[in-house]
There are 2 protein chains.
Amino acid sequence: MFDIFINNKGHDLYHNEICQWPGCETKIKTFDEFLRHLNTDHKLDDRSTAQTRVQIQVVSILESQLLKERQRMIAMTKHLQVSPVKLFRCFTL
Amino acid sequence: MFDIFINNKGHDLYHNEICQWPGCETKIKTFDEFLRHLNTDHKLDDRSTAQTRVQIQVVSILESQLLKERQRMIAMTKHLQVSPVKLFRCFTL
């Protein structure tokens, strides 16, 4: 079953030897150990399900914020009649 | 020139009689007054340009955060082998 959540880049819940499950941050030396940890400490139960629901809400809130701030950015650049790309390039040079 | 940044819904920088330019929040009673305010207090100058650059960065940071949190959410739901839609529905009922 592991092939479901493993890709060529590794795993989105395992970066720099740290478990990225929200609130976990356990240091784990090898990928095999991480997979064991994931299937033991974050197995399908009420707690993991609740944490996943919270994560879905985190994503939903970020989507709303991004929509709002992007609309504001576009309105500002339109008002000033400048290109966001041009402004951003000036900023990063 | 006003037709550039006015649409049928109003203006993305004017909600609930409040100017939405970052850090402004001036209460303005009418849309005409708002347009005068926008072209006076937020005209094209160094300050407005700098504020717009910051807004572009705000959007960029939110995009990165959303990408990261969405990847984490997908990895969590894949690991638990549940549908995010199903989880979200359970959460909101």
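Which residue takes a positive phi just after helix 2 of chain B? In this predicted model, the residue is Gln81(B), with a phi of about 55 degrees. At the opposite end of the helix, Asp45(B) serves as the cap of the N-terminal end, with a side-chain oxygen placed 3.2 Å from the backbone nitrogen of Arg47(B). Helix 2 of chain B itself covers residues 46–80. Its 35 residues, at 1.5 Å a residue, should span 51 Å, and because its end C-alpha atoms are 51 Å apart, the expected and computed spans agree.

The two chains share an interface to which chain A contributes 45 residues and chain B contributes 45 residues. About 4500 Å² is buried between chain A and chain B, and carbon and sulfur atoms account for 75% of this area. On the chain A side, Met76(A), His79(A) and Leu80(A) together supply 16% of the area buried against chain B, which is more than any other three residues. Polar interactions also cross the interface: 10 residue pairs are in polar contact, both residues being at pLDDT 80 or more, and 2 salt bridges are counted between the chains. One of these salt bridges joins Glu63(A) to Arg70(B), with the closest N and O atoms 2.9 Å apart. The elements of chain A that give two or more residues to the side touching chain B are helix 1 (31–41), helix 2 (46–80) and helix 3 (84–92). Of the residues on that side, helix 2 of chain A provides the largest share, 25 residues.

Within chain A, the domain assignment separates domain 1 (1–43) from domain 2 (46–92). Contact between them involves 5 residues of domain 1 and 5 residues of domain 2. The buried area between these domains is about 340 Å², with 39% given by carbon and sulfur atoms. Trp21(A), Pro22(A) and Lys43(A) supply 83% of what domain 1 buries against domain 2, more than any other three residues. No salt bridges are found across this domain interface, the count being 0, whereas 2 residue pairs are in polar contact there, both residues at pLDDT 80 or more.

The UniProt record, in an unreviewed entry, lists residues 13–81 of chain A as "domain: FOXP coiled-coil". Over this span, helix makes up 67% and strand 6%, and the end C-alpha atoms lie 42 Å apart.

Over all chains, the count comes to 6 salt bridges. Among them is the pair formed by Lys27(A) and Glu17(A), whose closest N and O atoms are 3.2 Å apart. This pair links distant parts of the chain, 10 residues apart: Lys27(A) belongs to the loop between strand 2 (18–19) and helix 1 of chain A, and Glu17(A) to the loop between strand 1 (14–15) and strand 2.

In chain B, Cys24(B) is located in the loop between strand 2 (18–19) and helix 1 (31–41). Apart from its neighbours within four places in sequence, Cys24(B) is in contact with Cys19(B), His37(B) and His42(B). For Cys24(B) and His42(B), the separation is 18 residues in sequence and 9.4 Å in space, C-alpha to C-alpha.

Terms used:
Residues are numbered from 1 along each chain as its sequence is written. Chains are lettered from A and ligands numbered from 1 in the order in which they are written. This is a predicted model: local features need pLDDT of at least 70, side-chain atom pairs count only at pLDDT 80 or more; totals for chains, interfaces and linings use all residues. Side-chain values use heavy atoms; hydrogens and water are left out. UniProt positions are given in the numbering used here, feature names are shortened, and annotations may be inferred rather than shown by experiment. Helices (H or I, at least four residues) and strands (E, at least two) are DSSP runs, numbered from the N terminus. The expected span of a helix is 1.5 Å times one less than its number of residues. A polar contact is a pair of N or O atoms within 3.5 Å; within protein, one must be able to donate a hydrogen and the other to accept it, and residues adjacent in sequence count only if both atoms are side-chain atoms. Domain bounds come from an automatic or database domain assignment. Contact means heavy atoms within 4.5 Å. Buried area is the accessible area (1.4 Å probe) that two parts lose on being put together, summed over both. A salt bridge is a side-chain nitrogen of Lys or Arg within 4 Å of a carboxyl oxygen of Asp or Glu.
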